[in-house]
Amino acid sequence: MSPIFTFTIVVLGLLAVMGIVVGVANDAVNFLNSALGSKVAPRKVILSVAAAGILVGTLTSSGMMEVARSGVFYPAQFTFGEIMMLFLGMMLGNVILLDIFNTLGLPTSTTVSMVFGLLGAAVAAGLHRIAEDPAIGLADLSQFINSGKAMVIISAILLSVALAFLAGTLFMYISRLIFSFRYLPLFRRYGALWCGISFAGILYFALFKGLDNSGLIPEGILSYVQEHVFLTLFGLWIVCSLILRLLQALKIHIIRVTILAGTFALALAFAGNDLVNFIGVPLAGFDSYRIAQEAGSEEILMGALMHPAHANFAVLLAAGIVMILTLFFSKKSRHVTETELSLASQHEGEERFGSTFVSRGLVRSTLVLNSLWTSVVPARLQRAIDRRFEQLPPEERSSAPYDMIRAVVNLTASAILISIATSYKLPLSTTYVVFMVAMGSSLADRSWGRESAVYRITGVMAVISGWFITALAGFAIALAVTAVLLWGGWIAAVALTLLCAWMLIRSHRKSPETKKQAAAPKPVITASEHPDDVLYGCVEEVCSTMEQVTRIYNRTLVAVFKENRKVLKEMVAASERLFEEARNRKYGIMPTLRRLQKNDIDTGHFYVQVVDFLSEVTKALIHITRPAFEHIDNNHTGLSKEQIVDLMRVNDEVEVIFEKINAMLRSRNFDFSELDAVLEMRDALFDTIVEATKNQFARIQNDASTSTKAGLLYLTILNETKTMVLQARNLLKSQHYFLEQRR
C-alpha cells in the first residue's frame, strides 16, 4: 500500500478528533441553551446531565449513516485512490469551515456541512475522472453524483426554519397566556398536566428518535409507534402527568426535572444521530483502506462501500469521551451558545448585532399590523392579554435570560417536532429546529420589544444566512481542496494538511492582548445588587480605565516615533476594547440608577456624568491610535525630528497629568485636594499644544517638502490629546462630586 494512503488514514483519524471538537463546540447550543438560559441548575450540573446523554447516545448509536459512505455519491464509480482523496478533501474543508463558524459564534448544521462537503468533494473527483478518461464527458457527471440528496437537504432547511419558528411562537404564546410570568400559583394546580405534555414529547423523542437505530427497541414496537404517533403521545402524556403529579406531591420541583430531562434527551439524540458527521467519513476511509488492502490493489473500484457498516464499541466510547471533554472545556462552545441566549434574552442590554434595511422594514410593518390588530380586538380583551405578558418588576427578576416556562417550551417544541418529522420521514436539521423554536418563543414572549427588535431580527437573519453559506462554502471549499489533492498528489496532501493544522492552531492561539482582554474583570457596577456597591464599582472602573488609557497613549506615541506597526496594531485593539467597555457601560446606567436609593438623585446625576466622560476619553484615544496605525500600516513617511520633539514634550506633560489623576483616583481616603493643580497643569499642556501647532504651521510655510500625511497625523494627535485630557479632567471632577454625595 502506498505511503500516501497510510498518511491519509492517520490524518483522517486526527481530523476525526478535530471534527468532534469543533462539531460539539458548534452543536452544544442545541441541547444546552434551554437549561443555561433558564439557569435551572449550576452549569456543572447541566453539563453533567448533557454528558450522560452524550455517553448513552454514542454507545447506542449505530455509529454510521450511509450518507457518509454512499448517500451523496456512487462509490462504485470511484477508485480507491480517488475515494481517499475525496474523504481527505472533505474532512480538511469541513473542519476549517466549522471552526470559522465557531469563532464567529454562529451555530450551523454539521449535517449540512458534511453533506455538501461530500458533494463538493465528489464533484471534484468526478471532474478528475472525466479529465483523465476521454471516453466520458462533462454530461456524464451525474453518474458519479447523487444530486437528489442535496435537494432533500435544501428543502429540509426551508422546512425547518418556517415550521420550527411557527411552532415555537404558537406554543409559547399559549403557555404564557395560561401561566403568565407569575406562574407559580397556577403551576401548583396544573403544572403536572402541562409538564406531562412536555415530558411525553421529550420521552418520545429520546426513545423513538434518539434510540431508533440502537437495536434496544424491538422492531414491532417501533413499527406500531410509527403508525400510531399521536396515540402514543397521548398515552405517554397520561402516564407522565400522573407520575409528575406524584412527584409534585413529594415537593419535588417538577419543572426543573422536565428541563434537565429534555437536556438529556436532546444530548442523547445529538450524539446518537450526529456522531456520523464527525467520524463517519474517517471510518469510511478506514474501511476503504481495509478493502483495498485485502484486495491487494489500489485501482479497485469501491462498490463495497454500498454495504452497511457499523463502528465498534471502542471507537464509539472514545468518540463519546472526546465529546464530553469538549463539552466541559471548549471556550468556543460558550461563544456559540451566547449568540442564541443574547437573541432570546428577556432583558435589555447590549445587542450583538446592528440594524439593516430589511430588519427596520420588518419592524415597521409589524407596528402597522399591530395597529390594525388593536383596532379590531376589544380593549378589554387586549388588557387581559397584556396582563398575562406583563413583565416582573426589576427587583423580582432573576439574572437568567428567560424563565423556566420558556425553557420547557423550547425543549418540548423541539423534541415533538423532530420526533413527528422523523416518524413521517421528513428531514429536519436539529440545529435549525432548536434555534428557530427559541427565536419563535422569544418573539411570542415579547422579548423583542421596540428597543431591541430591529437588532435581534438582524441577528436571526445573520444566523439563517449563515446556514445557506454553510452549504455553499462547504461545497466550494471541499471541491477546491479535493481538486488540489487529486492533481497535486502527496505533495498537495502534506501541504494542505499542514496548512489546515496551522489555521486551527492560529485560530485557537490567543495573543497576549487577547489574553489580557479575556482575563480583564467584567464591569462590576452592572452586577451590583446593593446601592453601596455602586461606589466601589465606579471607583474600580474609573481607575482601571484611566490607567489603561495612560499606558495605551504612551505606547502609541513611542510606537509612532519608532514606526513600530506591530505595537500600534496592539494599541488599536486595546483602545477599541476600552471603547466597547465604555459603550457597554452605558447599557448598565438604567439598572444601576434603579438600584440607587430614591433620595440619591444627585448621586445618579454624577454617576451618569462619570460614565459619559469615560466614554469620551476612550473615544478620543481611539481617534489617536487608529490614524497612527493606518499611517504606519500604509508605509507613509514617518514624523520629522521636529515633530517628534514637540510630541515628546506633549507626551511628558500628559503623563504627569494622568499620573496625578490616577493617584487621586486610587487614594484610599478619596483625597481630591489637588484638583486645582490638575487644572493648572491642563492649561499649561494646552499652551504647549498651541505652541506645537504653531510650529507645524511655520514648518509648512518654510519647507515645501514637508509631508502632508505626517502633518495631518501630527495635528490629529495634538487635537485629540487636548480633547482626551479635557474630558479626563471633567471625569475627575465628576468622580469627586459623585464620591462626595455617596459619603
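# Notebook: a chain of helices

I started at the end of a helix: Arg446 comes after H16 and has a positive phi, near 65°. Worth a note, since the model I'm looking at is a predicted one.

**H16 itself.** I checked the length of this helix next. H16 covers residues 430–444, and at 1.5 Å a residue its 15 residues should span 21 Å; the end C-alpha atoms sit 21 Å apart, so the two agree. Then I looked at how covered H16 is, and 14 of its 15 residues turn out to be buried.

**Other positive phi values.** Most residues other than glycine have a negative phi, so I went looking for further exceptions. Lys39 is one, with phi near 50°. I found Lys39 in the loop that joins helix H1 (3–38) to helix H2 (43–59). Its relative accessible area is 45%, so I put Lys39 down as partly exposed. Lys251 is another non-glycine residue with a positive phi, near 65°. Lys251 also belongs to a loop, between helix H8 (229–249) and helix H9 (254–274). Lys251 reaches 78% relative accessibility, past the 50% cut-off, so I call this lysine exposed.

**Whole chain.** I stepped back for the overall counts. How many helices and strands are there? I get 25 helices and zero strands. Of the 743 residues in the chain, 53% are buried. I also looked at how far apart in sequence the contacting residues are: taking contacts with a separation of 6 or more, 85% join residues 24 or more positions apart. The exposed area of the chain comes to about 33,800 Å², with 62% of it supplied by carbon and sulfur atoms.

**Cysteines.** I searched the whole structure for disulfides and got zero. I still looked up two of the cysteines. Cys195 has 0% relative accessibility, so Cys195 is buried. Cys240 comes out at 7%, so Cys240 is buried as well.

**Salt bridges.** Side chains of opposite charge can pair when their charged atoms come close. My count for the structure is 13 salt bridges. I went through a few of them.

- Glu82 and Arg129 meet through their side chains, at 2.8 Å from N to O. This pair links distant parts of the chain: Glu82 is in helix H3 (residues 80–104) and Arg129 in helix H4 (residues 110–132), 47 residues apart. Are these two buried or exposed? I find both Glu82 and Arg129 buried.
- Asp633 pairs with Arg565, and their closest N and O atoms are 2.5 Å apart. Here too the link is between distant parts of the chain, with Asp633 in helix H22 (residues 601–633), Arg565 in helix H20 (residues 565–587) and their positions 68 residues apart. Asp633 has a relative accessible area of 29%, so I list Asp633 as partly exposed. Arg565 is at 39%, so Arg565 is partly exposed too.
- Arg649 pairs with Asp646, with 3.3 Å between the closest N and O atoms. Both residues belong to helix H23 (residues 641–666), three residues apart, which is about one turn of the helix. Arg649 is partly exposed at 36% relative accessibility, whereas Asp646 is buried at 4%.
- I also found a network of salt bridges that links Arg176, Arg406 and Asp445.

**A nonpolar patch.** Which residues make the nonpolar surface patch? I listed Leu55, Phe313, Leu317, Ile321, Leu325, Phe328 and Phe329, together making about 650 Å². Helix H11 (residues 313–329) gives the most to this patch, with six residues. I picked Leu325 for a closer look, as a residue of H11. Leu325 has a relative accessible area of 46%, so Leu325 is partly exposed.

**Gln727.** My last lookup was a residue in helix H25 (residues 708–742), Gln727. Is Gln727 buried or exposed? At 14% relative accessibility, against a limit of 20%, Gln727 counts as buried. I then asked what Gln727 touches, leaving out residues up to four places away in sequence, and got Phe613, Glu616 and Val617.

Conventions:
Residues numbered from 1 in each chain as written. Predicted model: local features only at pLDDT ≥ 70, side-chain atom pairs only at ≥ 80, totals over all residues. Heavy atoms only, no water. Disulfide = S-S within 2.5 Å. Buried < 20%, exposed > 50% of the residue type's maximum accessible area, 1.4 Å probe, protein only. Patch = residues over 30% accessible without salt bridge, like charges linked within 9 Å, V, L, I, M, F, W, Y side chains within 5 Å. Areas by Shrake-Rupley, 256 points an atom, 1.4 Å probe, with all protein chains shown as cover. Salt bridge = Lys/Arg side-chain N within 4 Å of Asp/Glu carboxyl O. Helix = DSSP H or I, 4+ residues; strand = E, 2+ residues; numbered from the N terminus. Contact = heavy atoms within 4.5 Å. Expected span 1.5 Å × (residues − 1).
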